[in-house]
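User: Hi! I have a model open here and would like to talk through a few spots in it. Could you help me look around?

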Amino acid sequence: MYRELVLAVCRFYHQLLPNLFEGLDDATELLLPDDLLTEGSIAAGFRHSISDTDCDDVEILGWLYQFYIAEKKDEVMARKKAVPTEDIPAVTQLFTPHWIVRYLVENSLGRLWLLNRPDSKLREQMPYYIEGEAETDFLKINRPEEIKLLDPACGSGHMLTYAFDLLSLIYAEEGYAPSEIPALILRNNLYGLEICPRAAQLSELALVFKARESSRRFFQPDQLVRPQIIDLQDVRFGDDELNDYIQALDLGELFDQRLLKLLHQFEDAKTFGSLIQPCMDEGSIIFVRQAIEAKDLGGQLFLSETHGKVLRLLDQAEALTQRCHVVVANPPYMGQGVMNPELKAFVSERYPDSKSDLFAAFIESNNARLIPNGTNAMITMQSWMFLSSYQNLRKKLLSQTRILSMVHLGPRGFDSIGGAVVQTTAFIFEKRPANNYRGYFFRLVEGQNEFAKETAFVQSVESLSRSTNSMVYRASTSDFCKIPGSQIAYWLSKRTGTIFQSNEKLGSIFSVNPGIRTGRDEQFLRLWFEVSQNAIQFGLTDAAQMRDDLRWFPLHKGGPFRKWYGNSEHVVNLYDDAIDIKTKSPDYRLRDKSWYFKPFVTWSRISSSDVAFRVIDNGVLFSDAGPGIFANDRCHEVTGLLNSKLGNHFLEAINPTLNYQKQDIEGVPFIQKCKDTFVAELIGLAKRDWDNFETSWDFHDQPLLRPGLKGQALKASWRNWEAQSTAAIRRMQELETENNRLFIAAYGLEDELEPEVPEEQITLARADARTDVAAFLSYAVGCMMGRYSLDEPGLTLADSLDSQADHLAAYEGKAGKPLSEVQYLPDADGILPVLDGEWFEDDIVARSREFLAVTFPESSLAENLRFIETSLSKDLRKYFCSDFYKDHLQTYKKRPIYWMVQSPKKGFGCLIYLHRYTKDTLNLVLNNYFRPYLSKLEARLAQLGLDQLNDDLPTRERTAARKEAEKITKVLRECQAWEQDALLPLAQQRIELDLDDGVKVNYLKLQEVLAPIPGLAAKED
């Protein structure tokens, strides 16, 4: 019975609202389940998941729709490819928080009414309304029916439903009968455009619900009004279809070139949506439509389809030419990188100043849809306020409109979107020149969620007339025009604005250059420790010094937040004048060679936090990700300014995002009287810190073994290191504070900026026992492998040679003495067993104990091992078996130089050194370690068998023998299978590695016998 009632209701609403409720037939009725009332039914699921309170507001339709498309959205975004037309709605739908909707509608529609009815009580119903100064020149409205409000990307209708609520109050205040109001609003005031048919239906449904809620009579035939929501459709005509239609109805004179052009503008309406700009005005379109509607088809049924398409197109064109008093929108966000080719070409042609993202194009198109003095209320990404790619758009907006108010949300404005990537701003534009109008700007970027931002905004609005508020600013167009690029930096003081206006810019004094772009970094860049060191040419000062026979040259490629010095880790393949890049890369830029290897100041173009600047000495190239400021002998001065609080203050005004471009740096005001008093010492501190670690190409020795830090025992050495690190951090903190003070005073901003630097902002390494002991053990392994020597600073063995004998001979040459005289012998074959017991003399733990005995002869081995294991929070052998390789992968950024040869279940493991690898290395592993290990396991297993049969042994020992025997049996089975499936076949192949190919390519050649590296095979961005 209940099922029949549901079907009856569906049939009723189909007759009433056929565009919202599709007709039912026998087939569709079968889809409705019989069970609708039990606890396991779909209806019960709705009742449990959605409360009656949830259903009190039509807003729930939008949340349900966002949930409905969430899976599709994730699927499309995961592709990381251009979005096809059919997926654009799923990717761009984003439900707007209700308080932001209220801010937008109350300060556009509500403001329009209050200007025309200053005594209106409507103000009492608008807590998000910003009370501005009294105005006399405003858009005049005589009756509520005159107001036209459009949402050009209406989604599920959230903006429109709240506008309905506000309009209901307006009509009621004017004395209209309550039963008349819903139909008047839907007939005269509210308009919506959408490309998603399901969203358009939801928008219509939401407005119908609103109307029915306001008037019980709304569903009566004489009261029912369909909401004016247009689902934009593609309209295409066949080759001769229009000609036949025109001739049959004698429309030749009417169908001029403009109309024929219009009839082809909607062929991709589902892709371009409301961004389409019809080539005819509203009046002309209405005239054409009326003329066509007057034509009698005369029973020519074959023309009816074309006739309907023409009228549909004219309806869509008329909707897009209509001029409105208010436009409100949360438009789609879609950057050029994911636009499909048709959409990208369309936006580039029609909206050249805002082509970088769809939301920016909507800002332009929305302004175009306004009548003079109309208001455009939107929430968008904040990038248009700052990025250089929107500079022309900003200039256009500032010349044609005035910003009445802005709520700068920054990150976390939508609880449904985590992180800081999506940073938004909501604003109200009025379509008329600013004339020094000072708008209200609310800075809510610090709020951590929707609720925090809403609370801060409401409190700020309430306090406007009573007191000053640190979150509220007043600014005008003239203020923004003082800044290069006209960024909307509303929070700047007049003094800062004057500094921007009256001082030379850094770009007018020094050359700021984007660096080398290979177009295929994965192919042409390497981390410096991946390749042979004799293939890298360090220490150059000019491009003329480049040797044609060397392949690799040092390159700086951005990196994480770090001030003053460091992050130089890459080399680039410029062999034979970069012949490989020139012939194999479709999109490269090698830049002017006159800048090659000169000292420069750099920054990471894309960062995840504040920007930081570093000095790069002679001999290093600059990259697209790490551009260069070439200031000759004034690099220190430039770095001092840019790394100061003042530099950050200027850059936040120019571009407070995570992506700093060449133009942003060039726009920083530069006072030339300032000196670099503290910068040399700051750079020195940062360089010494960077060079303390193996991943620096200037690494010389392990800090815990360095004269002046090394104590009698390892623990004492670490205490000395801790004291030195703490002192360096404090000294850098003092110097950065004084550097800030110097530049703040030079620019006269003592009243605005504080010079003090919190310790957490100092980018030097902190002493940490676990991290530092792990680094010590890594160095020890390096000495075992011959990469380092206790007899000679820096690298020893880091080149590819033909045999282990060649490597040992090279070691003697670097150490300057025979092997018999070195303090600590390198391993003979560069293979270190990493096993759960000491099965070999050159086992990694045994060699570590030997290393401790050599480096700390005046202290006991037990004392040093105790400190190591306490710091690691585990036994040394367990560390090498479980954690060492993880640490190594992290330190070397998944491009390890020591490789773990390991069976799948870790029954066998040993380390090999990439730079000592030869085609016989796996045979050495197989015959000198793996097979002897299995033999030892078998011997041990035999002994355990005897122990289990020995009645003279205690029960406990026999039980232990049984358990150990079971474990060894499993290891033997696993290793024997692994030998046949992987180790033996690869050893027989005698695979050669080319270090120029890099770790990723070479590791994958041997991956069947190596410990897996998660994500190694993935394609790099």
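User: Let's start with K715. Is K715 buried, partly exposed or exposed?
Analyst: Happy to help! This is a predicted model, so keep that in mind throughout. K715 counts as partly exposed because its relative accessibility is 43%, and partly exposed covers the range between 20% and 50%.

User: Which element is K715 in?
Analyst: K715 sits in helix α28, which covers residues 714–746.

User: And what separates the C-alpha atoms of K715 and S594 in space?
Analyst: Those two C-alpha atoms are 50 Å apart, and along the chain K715 and S594 are separated by 121 residues.

User: Okay, new topic: cavities. How many of 30 Å³ or more does the structure hold?
Analyst: There are 5 of them. We could take the second largest cavity, with a volume of about 60 Å³.

User: Sure. Which residues line the second largest cavity?
Analyst: The lining is made by S108, R111, L112, L115, F138, L139, H325, V326, N373, G374, T375 and E430. By class, that gives 5 nonpolar, 5 polar and 2 charged residues.

User: Which elements supply at least two residues each to that lining?
Analyst: Three elements to click on here: α6 (98–116), β4 (324–329) and β5 (370–381). The largest share of the lining comes from α6, with 4 residues.

User: N373 was in that list. What's its phi like?
Analyst: N373 has a positive phi of about 70 degrees, although N373 is not a glycine. You'll find N373 in strand β5.

User: Why does N373 count as buried?
Analyst: N373 counts as buried because its relative accessibility is 17%, and the cut-off for buried is under 20%.

User: Which residue other than glycine has a positive phi near 65 degrees?
Analyst: That would be F597, whose phi is near 65 degrees. F597 lies in the loop between α23 (575–584) and β14. With a relative accessible area of 0%, F597 is buried.

User: Speaking of β14, which way do β14 and β17 run relative to each other, parallel or antiparallel?
Analyst: Antiparallel: 2 bridges join β14 (residues 600–603) to β17 (residues 628–630). If you want a pair to display, V601 stands opposite I629 in β17.

User: What sheet do they belong to, and in what order are its strands?
Analyst: They are part of an open sheet of 4 strands in the order β10-β17-β14-β15, with antiparallel pairing. The edge strands are β10 (511–513) and β15 (613–616), each pairing on one side only. From one strand to the next, the twist averages 25 degrees.

User: Nice. Now β2 and β3: how many bridges join them?
Analyst: For those two, 4 bridges join β2 (residues 190–194) to β3, and the strands run parallel. The bridge partner of L193 in β3 is I230.

User: Which helix goes with them in a β-α-β unit?
Analyst: Helix α9 (residues 197–214) does, and together β2, α9 and β3 make a right-handed β-α-β unit.

User: Last one: which side chains of β3 are buried?
Analyst: Along β3 (residues 228–231), I229 and D231 point to one face and are buried. Q228 and I230 point to the other face and are not buried. In general, side chains in a regular strand alternate between the two faces of the sheet.

How values were computed: Residues numbered from 1 in each chain as written. Predicted model: local features only at pLDDT ≥ 70, side-chain atom pairs only at ≥ 80, totals over all residues. Heavy atoms only, no water. 1 Å grid on protein atoms, 1.4 Å probe; cavity = no way out; pocket = protein on both sides within 12 Å on 5 of 7 lines; lining within 4 Å. Points joined across faces, edges and corners; volume = space filled by probe spheres on them. Nonpolar A, V, L, I, M, F, W, Y, C, P; charged D, E, K, R; others polar. Buried < 20%, exposed > 50% of the residue type's maximum accessible area, 1.4 Å probe, protein only. Pairing = 2+ DSSP bridges. Right-handed = clockwise from strand over helix to strand, strands pointing away. Axes fitted to C-alpha atoms, helices over the stretch in contact; angles between N-to-C directions.
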